[in-house]
Amino acid sequence: MDHVVLLLLLLLLLCVAPTVHCYSSGLVTASCADLRPRHNKLSPQTGPAPYTITTDRSSYRLGEEVTVKIQAPSSKPFFGFLLQARQVGLESPVGYFTLTTMAAQILTCSQRPSSAVSHNSVSAKTSIQVTWRSELSGNTKPVQFHASFVQNFKTFWVDVTSPALTFFNNISKSGCGVTKVCISQPLNCDPAVSVNCYFMSASITPNDTAVHYEITGPSDGYISFGFSDDQRMGNDDIYICGIGSNGLVQLQHAISTGKTAPRILPLGNVSDVVASVHGMVISCSFTSMNPISTQRTSGFNMAYYLMYAHGPSSNGLIQFHADTFISSDKIDISRPQLVTIGVWPPIIKVHGSLMLIAWMTTGSLGMMVARYLKGLAKGQNLWGKDVWFLVHVAVMSLTVVATAIAFILSFSYAKDWSGGAHPVLGCLVMIMSFLQPILAMLRCGPQHALRFLFNWTHALNAVVIKTLAVAATCTGLMLIDSTPEQWLIKVMGGFIGWEAFFYILLEVHLKWPVNTTDTLESSTKSVDVLLMTLFFVGNLAFLVALLVGIGIS
């Protein structure tokens, strides 16, 4: 009897041993479909798994590498696992894996080579990292990573998932001017190459019944394009590609009023929508059979101005756009072409030029004369006033007048309040510039005991105005500079650095102790003249460069 029992035990071990060996080696292709370990029909855990699946990005491109990491707390390592990538809502694996560790192996699931990863030993594991790639063509749907984890024979979790990865459309300028209408900023940029490219394209489908649109660009909220009868916002047919309150990119159809937030319309007859975000770049492509409808015209084969706008959003609601550009002429989207961007109107260029001259040249001259050049014409009067004082008043009065004219020009063109920091800074500069001469006329006499209060207040207010004016000028140049290199901003940076450098030199020279002999005083005046001459030679060079840039923008 004992021999019979022993024989049965040996037979049982022979039957079970291959199965145990198979699972410990990770060759678990039998679990590819449902990810469920074959552990004598034991049920998986129903509570939350202590393990996580993370990726190094929230979206993917065709053929792009995604780093996938499965992790466990040190107190609860896993001994076995099976990992796949699946299209959200489906069960077949997609893409393929490559290994970056010796603690895992590649499997073939659903006849797809390298479509799954599993363990290759029963050693304890707390972290496994692999690389996944999508196919070079085909799937453009959201993808999610699924895994099962085995803590021990009786304790295991099935179908633990990662956050979904959205597909990021590979929009490029290929076909622009040949098969589709394209508009971009910077001009002729390629979104497939540059992440700083704002791009939109439209192409009529072969049966002439719909339009396929593509739009992409960097934004922290939304990007949008629209069709308009004129170059002003209002009564425009627009599509908005933006991040919703759930953090996912969504497409919306709307009509703009130009005064308030766009009124959202039903999406209508739209299909093949692919919406995604990749880093800071938002992208949407879709096919629409909706007729283009503005206040005056309706239809595909009509001519419209193309408008592009982008800006922030809050909890899925779009805010006032940070920037916008528009085609220089009306465009028929049924005729493929490269669209040129409309230049800024002359009234805005004059506005920018006056502000630049006022606060980077004449304003600087007035402040430097009052601070550093009083000694050049010491004792010389004209009309009962010191010469330096008359120069200071004349130059600063010219600065205030130029500021006021520039302010009036901008508002007469916009006829409304514009969003962003630039108009806020401009208004502050205008208000403080207007108050400065009024307060100066109400000042007390030079010998008054409280005269020092005026001196300090007048000087500090001037510094604040200068700082705000420089900031307003920089934000204004950012609005009109559409070059890829942003060279206007770079020149302005050099302009500011040049002025700051000479302020420092003049301040050091002012504080430098000198004896009051005629020779030393003459030498000091010569240094002042030399420094001011050098300053204005460089100042005029920067000024001319920026004025030319504004003129061609």
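Start with the largest nonpolar core of this predicted model. It has 28 residues. Select Met200, Tyr213, Phe225, Phe227, Leu306 and Ile333, which have the most contacts inside this core.

Now keep tyrosine 213 selected and show what surrounds it. Setting aside neighbours within four places in sequence, tyrosine 213 is in contact with Met200, Phe225, Phe227 and Ile333, among others. Its contacts also include Ser201, Ala202, Tyr239 and Ile292, as well as Cys284, Ser285, Phe286 and Ser288.

Next, move to another core, which lies apart from the largest one. This core has 27 residues, and good ones to pick out are Tyr60, Phe78, Val117 and Val160, which are among them.

From there, select serine 162. You will find serine 162 in the loop between strand 10 (156-161) and strand 11 (166-167). Is serine 162 buried or exposed? Serine 162 counts as buried because its relative accessibility is 2%, under the 20% cut-off. Show its contacts, leaving out neighbours within four places in sequence, and you should see Ile53, Gln144 and Phe145.

Time for a helix: select residues 421-441, which make up helix 4. Helix 4 has 21 residues and spans 31 Å from its first C-alpha to its last, close to the 30 Å expected at 1.5 Å a residue. Colour its buried residues: Pro423, Leu425, Gly426, Cys427, Val429, Met430, Met432, Ser433, Gln436 and Ala440. What do the buried residues of helix 4 pack against? Bring up helix 2 (346-372), helix 3 (387-414) and helix 5 (451-480), and you have the partners.

While you are here, select isoleucine 438, also in helix 4. Isoleucine 438 is classed as partly exposed because its relative accessible area is 31%, which falls between the 20% and 50% cut-offs. Now add Ile431, Phe434, Leu435, Leu439, Met441 and Leu442 to Ile438 and switch on the surface: together they form a nonpolar patch with about 730 Å² of accessible area. As you look along the helix, remember that an α-helix has 3.6 residues a turn, so residues three or four places apart point the same way.

Finally, zoom out to the whole chain. Its secondary structure comes to seven helices and 26 strands. Of the 553 residues, 42% count as buried. Taking contacts between residues at least 6 apart in sequence, 63% join residues at least 24 apart. With the full surface displayed, the chain exposes about 28500 Å², and carbon and sulfur atoms supply 64% of that area.

Conventions. Residues numbered from 1 in each chain as written. Predicted model: local features only at pLDDT ≥ 70, side-chain atom pairs only at ≥ 80, totals over all residues. Heavy atoms only, no water. Patch = residues over 30% accessible without salt bridge, like charges linked within 9 Å, V, L, I, M, F, W, Y side chains within 5 Å. Areas by Shrake-Rupley, 256 points an atom, 1.4 Å probe, with all protein chains shown as cover. Salt bridge = Lys/Arg side-chain N within 4 Å of Asp/Glu carboxyl O. Helix = DSSP H or I, 4+ residues; strand = E, 2+ residues; numbered from the N terminus. Buried < 20%, exposed > 50% of the residue type's maximum accessible area, 1.4 Å probe, protein only. Expected span 1.5 Å × (residues − 1). Contact = heavy atoms within 4.5 Å. Core = buried A, V, L, I, M, F, W, Y, C linked by side-chain atoms within 4.5 Å.
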